[in-house]
Amino acid sequence: MSGVFRCSRNFAQALTRQVRWYASPVSPAHVDSTVDKLKTETNRLSQTTKKFWDQVSFEEHAETGKLVIQLDKKPIRTPLGNHLAVEKERELLARLLQKEWSNISHGSVKTHALPLTSLISRCIDLEAANKENAHPDLKVKIGGNRRELSDSLLRYLDTDTILVFSPKDELEGKLRAAQDDMYLPIIGSVEKFLSQYSAKTISLQILDADVHGLRGNAQQPETLAAARKFLDSLSAWDLAVFEKTVLTTKSFICGILLLQNKASANPEKGLRYTMEDIAKAATLETIYQTERWGEVEDTHDVDKRDIRRNVYAAAIAAYKP
Amino acid sequence: MKPELRTYRTLVRAFVRADRTARIAQKAAERKQQLALLTYRRMNIAREQAKKDLDSATRMKLLKDMSLLNKRVEILKQKVPENDKKLLFVQDTSFLRDQILSVQDDRHIQHLEDISAFIDNQREYDELIERYNPGIRMSQEERVKRTANKVGFQMPS
Amino acid sequence: MFKSVFRPCASAARNARLTLPVRSNVFTPQMMVSPIRFYSATTDRNEITQKVVDVIKAFDRTNASADINAKTLFHKDLGLDSLDTVELLVAIEEDFDIQFPDKVADELKGVEDTVEWIATHPESE
């Protein structure tokens, strides 16, 4: 028995190397490896890849009043050791987290099966690490230093999916037409949106393959300053949602669109988009490539679902009743 | 169709589909457990029957018990978890009903639609991963057992 | 292509008439066009009804679980409210691998309506 167990742990460790509990744009060097050794359910799961509980439930915490998700009556902990818990008003979210764990039916557990848990854990940990009296080590452990996080997120603005335009002669010009159609209005609205955070009028630098060739792209310093100000205005929770969206869509702008539509009750006028629009905007090139060349099994279909499950998970996390 | 009802339908459908695999697995596990229990009881009766100094009344009773147990095993074996019609319903819809009945604005409806879309995409993602990586859901024990079988060994149970 | 399908069909009808001379005079011209389809449609309806009834029986919010038949109405007989009905229709959709269009779903009040729609929409997605 113990032999089998050890064997499964080695196998699992190989798996953990690939899939972290939550992805961070900060390079792995910034993430302390000790966080993997914390004895939390989330880590235990990825180390054993074996179901070790019978009952998933949630319960109101006596002190915090939050709903704590539990495995066999013991609270699930995030990678930093916090309770996996949500405000009482978000019972639906608690239900979804519970469901995510109870739907793991098989002997083995895949870490990719828990996208909502991993995102909410990130939200909770980022919040905890950035509390006023939090121990500075916590930030180091999860790559949660907001300045560094902003730095790495701002880099996405240079090569933002929404700012890169294909040559007009590619795919009979269909892709470029679709990009002009969809991206240009978004860019205009986002420029207006970011201008709120700057004394100057913000103008986003696009990368047009026909005009600029294959050079890199860099935003103006005032654009970056405005975008940084916007990031600073976000709560830690929303920042984690934003981070998830940017990593999923490879687009800073999609992050703005998602938060505008889900975190606030009144999105700015030109920024009203559905989550499907966001997923579409982020994958416009693939959509037209597959239309022309066909879908590559095991790649395009998986990616399509992967992007959407992550965008929708972010939408759910961002929503406040 | 009222928008709330349509949203409710989307939610219910998403939950039914997403829960199916886990519920089948759970039912299969329960069935296995019940079968093991019945087999154990049959063994006990067989042991009793093997005794020599039994009067005919006891012998009759044991025979009856045994045939009853056999019947139960038969019934259980015929119950295929996949065909259980209960799988077509969400187990507990009370929280979904509460949501629909308390819908206040379009934003709330949108949120519920997002939840359905999340669940659907997650399920479809899982199904694709499973299709392209057969056996990924197998437990390590099962994997070892199958590998052993392949080369003609059997794992001690 | 069409010919080859049609021919055995026609001969089957002829054979049926030969072996069952008494019944053959009951056939109306309309029935003669596709006797096989006519026959299977009625058994389909019985089968469909049975399947729908089985789904209803598995629904734990119905109040009259014992006596469910083709005439049973969802609201009047089973006491289902509009949300319950949505749940039931989703279950039926999943069982038959079909989807009722919005308009249709609004109109389905009982077992008979539901069976009728399923029977007449074999190709529905």
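Let's start where two chains meet: 15 residues of chain C are in contact with 16 residues of chain B. Keep in mind that this is a predicted model. On the chain C side, three helices each give two or more residues to the patch that touches chain B: H4 (35–57), H5 (82–96) and H6 (102–107). The biggest share is the work of H5(C), which puts in 8 residues. If you sort that side of chain C by class, you get 8 nonpolar, 1 polar and 6 charged residues.

Now hop across to chain B itself. What is chain B built from, helices or strands? The secondary structure comes to 5 helices and 0 strands, so reading from the N terminus simply gives α-α-α-α-α. Chain B has 157 residues, and 22% of them count as buried. Take the contacts in chain B with a separation of 6 or more, and 77% of them turn out to link residues 24 or more positions apart.

Chain A is a mixed case, with 15 helices and 6 strands. Of its 321 residues, 40% count as buried. Among contacts in chain A between residues at least 6 apart in sequence, 68% join residues at least 24 apart.

The domain assignment splits chain A into domain 1 (2–144) and domain 2 (147–318). How many residues does domain 1 of chain A bring into contact with domain 2? There are 16 on the domain 1 side, and they are in contact with 18 residues of domain 2. Helices H4 (91–102) and H5 (115–129) of chain A each supply at least two residues of the domain 1 side, and the largest share, 8 residues, comes from H5(A). By class, this side of domain 1 has 11 nonpolar, 3 polar and 2 charged residues.

That brings us to the packing. In soluble globular proteins, nonpolar side chains tend to be buried together. Here, the largest nonpolar core holds 108 residues, and the ones touching the most other members are Ile120(A), Ile278(A), Ala314(A), Ala315(A), Ile316(A), Ala317(A) and Ala318(A). Helix H15 (residues 300–318) of chain A gives the most to this core, with 9 residues.

Ile120(A) is a nice residue to click on. Which residues is Ile120(A) in contact with, once its neighbours within four places in sequence are left aside? They are Leu84(A), Val86(A), Leu97(A) and Ala317(A). Ala317(A) is also one of the core residues that touch the most other members.

Definitions and conventions
Residues are numbered from 1 along each chain as its sequence is written. Chains are lettered from A and ligands numbered from 1 in the order in which they are written. This is a predicted model: local features need pLDDT of at least 70, side-chain atom pairs count only at pLDDT 80 or more; totals for chains, interfaces and linings use all residues. Helices (H or I, at least four residues) and strands (E, at least two) are DSSP runs, numbered from the N terminus. A residue is buried if 20 or more other C-beta atoms lie within 10 Å of its own, exposed if 12 or fewer, and partly exposed in between; C-beta atoms are placed from the backbone. Two residues are in contact if their C-beta atoms, placed from the backbone, lie within 7 Å. A nonpolar core is a set of buried Ala, Val, Leu, Ile, Met, Phe, Trp, Tyr and Cys residues joined through C-beta atoms within 7 Å. Ala, Val, Leu, Ile, Met, Phe, Trp, Tyr, Cys and Pro count as nonpolar, Asp, Glu, Lys and Arg as charged, and the others, Gly among them, as polar. Domain bounds come from an automatic or database domain assignment.
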